[in-house]
Amino acid sequence: MKTLLPILCTLSLLGCSKPEGRWRATHDVSVFKAADEADEVTFILRKGEPCALGREQVVKAFMYREVNCAQGRGWILYEAGYPFAQESR
């Protein structure tokens with residue numbers, strides 16, 4: 001339990017970040033209906049499509065990130081980094 005507390009504190013700090021600007025997908029990624037329903041894909045975001053990134057949320061030890069794209073709004077599952085690159089201004 002002692003090792004879990006620092007991890008949760010770090011994750012809660014990450015949830016406070018608010019990226020600015022436009023972001024483009026660096027590869028295809030599944031977008032889920034809700035942060036706690038990773039089995040229900042709402043749409044597939046294709047490589048190169050733009051999105052706005054929103055808040056982060058931890059559910060059952062998994063990190064999710066809210067996205068708002070032309071196809072709709074949903075959540076992506078954080079695995080080895082977010083599949084986005086920020087566009088230059």
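Which residue in strand 5 is the bridge partner of Gln57? The bridge partner is Tyr64, and strand 5 is a good place to begin a tour of this predicted model. The protein's secondary structure comes to one helix and seven strands, where helices (H or I, at least four residues) and strands (E, at least two) are DSSP runs numbered from the N terminus. Along the sequence the pattern reads α-β-β-β-β-β-β-β.

**How to read the model**

- Residues are numbered from 1 along each chain as its sequence is written, and side-chain values use heavy atoms, with hydrogens and water left out.
- Because this is a predicted model, local features need pLDDT of at least 70 and side-chain atom pairs count only at pLDDT 80 or more, while totals for chains, interfaces and linings use all residues.

**Confidence**

- The average pLDDT of the protein is 76, and 71% of the residues score at least 70; pLDDT is the predictor's confidence in each residue, from 0 to 100.
- Among the elements, strand 3 (residues 41-45) has the highest mean pLDDT, 93, and helix 1 (residues 4-14) the lowest, 40.
- Over residues 3-17 pLDDT stays under 50, and the model has seven contacts beyond four places in sequence for this stretch; a contact means heavy atoms within 4.5 Å.
- Where pLDDT is low, the predicted coordinates should not be read in detail.

**Strand 5 and its partners**

- Strand 5 covers residues 62-69, and six of its eight residues are buried; buried means under 20% relative accessible area, exposed over 50%, and partly exposed in between (1.4 Å probe, protein chains only).
- On one side, strand 4 (residues 50-59) pairs with strand 5 in the antiparallel sense over seven bridges; two strands pair if DSSP finds at least two bridges between them.
- Strand 6 (residues 72-77) also runs antiparallel to strand 5, joined to it by six bridges.
- In strand 6, Gly74 is the bridge partner of Val67, and a hairpin of two residues joins strand 5 to strand 6.

**The turn between strands 4 and 5**

- The hairpin of strand 4 and strand 5 has two residues between the strands, and Lys60 is found in this loop.
- Lys60 is not a glycine, yet has a positive phi of about 50°; Lys60 is exposed, with a relative accessible area of 69%.
- Ala61 is in the loop between strand 4 and strand 5 as well, and its phi is also positive, near 70°.
- At a relative accessible area of 74%, Ala61 is exposed.

**The disulfide**

- The count comes to one disulfide, defined as a pair of cysteine sulfur atoms within 2.5 Å.
- Cys51 and Cys69 form this disulfide, with their sulfur atoms 1.7 Å apart.
- Cys51 lies in strand 4 and Cys69 in strand 5, so the pair ties together parts that are 18 residues apart in sequence.
- The torsion about the S-S bond of Cys51 and Cys69 is about 105°, so the disulfide is right-handed.
- Cys51 and Cys69 are both buried.

**A buried arginine**

- Arg65 is found in strand 5 and is buried, with a relative accessible area of 3%.
- The side chain of Arg65 reaches the backbone oxygen of Gly54 at 2.4 Å.
- The side chains of Arg65 and Glu56 are joined by a polar contact of 3.0 Å; a polar contact is a pair of N or O atoms within 3.5 Å, where within protein one must be able to donate a hydrogen and the other to accept it, and residues adjacent in sequence count only if both atoms are side-chain atoms.

**Core and packing**

- The largest nonpolar core has twelve residues, among them Trp23, Phe43, Leu53, Val67, Ile76 and the disulfide partners Cys51 and Cys69; such a core is a set of buried Ala, Val, Leu, Ile, Met, Phe, Trp, Tyr and Cys residues joined through side-chain atoms within 4.5 Å.
- Strand 1 (23-25), strand 2 (29-32), strand 3, strand 4 and strand 5 each supply at least two residues of this core.
- Leaving aside neighbours within four places in sequence, Ile76 is in contact with residues including Val29, Met63, Arg65 and Phe84.
- Met63 is buried, with a relative accessible area of 8%; Met63 and Ile76 are 13 residues apart in sequence and 8.6 Å apart in space, C-alpha to C-alpha.
- Buried residues make up 28% of the protein's 89 residues.
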